[in-house]
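Work through the exercises below with the sequence and the model side by side. Try each task before reading its solution.

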Amino acid sequence: PVQKENRLVQCDFIPHEIIIHPEDKYTVYCFERDGVNACTINLRSLSVVQKFQCINDHQFSGHAVFSKDSKFIYTIESEQNSQQGKVNIRDAATFESLGLLPTLGLSPHDCQLLEQDILVVSNTGQSESKFHQPSLVYIDIKTEKLQSRQKLDDDKLDAGHFYVAKD
């Protein structure tokens, strides 16, 4: 049998999610959870190629997703003080911030891009007034409008990680 060696890439933070670039399986994007750091790693050279940080007073949730054409990456972020959620639309090559969309909730965490460019984001936070509750929001990326929101009224449910089936 073939023995495979373990290979590690030194990173300045602990990645929460690792995303393979859709057009280059040897390039991965890594995101810190509840922190300001992200990077791209070249798996051939086993090295960090680029390092990125959040804008202003934001922090990464640890999750992101590429646009269907791979030109953009949607990073899930929150404002550090208020925990208001944001989708940061970034250039996938440069990581430059091109625009922000609200997630219409607090402490967003995970995301999934559906057909017709609908981005689903989980908001995990709850405000004291209960105005903001854990929810899944469906945002049309093209129109930047909310398509729907599924609130989780049961305190025992968590909207952290999720998967939306195609059927």
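**Exercise 1. Fold inventory**

Task: State how many helices and strands the chain has, and give their order.

Solution. Start with the count: the chain has 0 helices and 12 strands. Helices (H or I, at least four residues) and strands (E, at least two) are DSSP runs here, numbered from the N terminus. Next, the order from the N terminus: β-β-β-β-β-β-β-β-β-β-β-β. Then check the packing. The radius of gyration is 17 Å, close to the 15 Å that the globule rule gives for 167 residues, so the chain is as compact as a globular protein of that length. That radius is taken over C-alpha atoms, and the rule is 2.2 Å times the number of residues to the power 0.38.

A note on the source: this is a predicted model, in which local features need pLDDT of at least 70 and side-chain atom pairs count only at pLDDT 80 or more, while totals for chains, interfaces and linings use all residues. Residues are numbered from 1 along each chain as its sequence is written, and side-chain values use heavy atoms, with hydrogens and water left out.

**Exercise 2. Whole-chain values**

Task: Describe the extent, burial, contacts, surface and charges of the chain.

Solution.
- Extent: the C-alpha trace spans about 55 × 40 × 30 Å along its principal axes.
- Burial: 46% of the 167 residues count as buried. Buried means under 20% relative accessible area, exposed over 50%, and partly exposed in between (1.4 Å probe, protein chains only).
- Contacts: among those with a separation of 6 or more, 38% join residues 24 or more positions apart. A contact means heavy atoms within 4.5 Å.
- Surface: about 9900 Å² is exposed, and carbon and sulfur atoms supply 47% of it. The areas come from the Shrake-Rupley method with a 1.4 Å probe; for residues, only the protein chains shown count as cover.
- Charges: the mean positions of the 17 positive and 24 negative charges are 4 Å apart. Lys and Arg count as positive, Asp and Glu as negative; His and the chain ends are not counted. Each charge is placed at NZ of Lys, CZ of Arg, CG of Asp or CD of Glu.

**Exercise 3. Aromatic rings**

Task: Count the aromatic pairs, then classify the pair Phe60 and Phe95.

Solution. Set the rule first. Rings of Phe, Tyr and Trp (its six-membered ring) pair if their centres lie within 6.5 Å; planes under 30 degrees apart count as stacked, over 60 as edge-to-face and the rest as tilted. The count is 5 aromatic pairs. For Phe60 and Phe95, the centres are 6.4 Å apart and the planes stand at 55 degrees, so the pair is tilted. Now place the rings. Phe60 lies in strand β5 (residues 58-66) and Phe95 in the loop between β7 (84-91) and β8 (97-106), so the pair ties together parts that are 35 residues apart in sequence. Phe60 is buried at 1% relative accessibility. Phe95 is buried too, at 3%. Finally, widen the view: ring pairs link Phe31, Phe52, Phe60 and Phe95 into a cluster.

**Exercise 4. Buried positions**

Task: Locate Val28, Gln59 and Ser70, and list what each touches beyond four places in sequence.

Solution.
1. Val28 is in strand β2 (residues 24-32). Its relative accessible area is 5%, so Val28 is buried. Val28 contacts Ile18, Ile19, Ile20, Cys39, Thr40, Ile41 and Leu43. The C-alpha atoms of Val28 and Val49 are 9.9 Å apart, with these positions 21 residues apart along the chain.
2. Gln59 is in strand β5. At 12% relative accessibility, Gln59 is buried. Its contacts include Asp34, Gly35, Cys54 and Ile76.
3. Ser70 is in the loop between β5 and β6 (72-79). At 8%, Ser70 is buried. Ser70 touches His21, Pro22, Glu23 and Ala92.

**Exercise 5. Loop residues**

Task: Where do Asp34, Asn56 and Glu115 lie?

Solution. Asp34 is in the loop between β2 and β3 (37-42). Asn56 is in the loop between β4 (47-53) and β5. Now check phi. Most residues other than glycine have a negative phi. Phi of Asp34 is positive, near 55 degrees. Phi of Asn56 is positive, near 45 degrees. Asn56 is exposed, at 73% relative accessibility. Glu115 is in the loop between β9 (108-114) and β10 (118-123). Glu115 is partly exposed at 48%. From Glu115 to Phe162 is 16 Å, C-alpha to C-alpha, and 47 residues in sequence.
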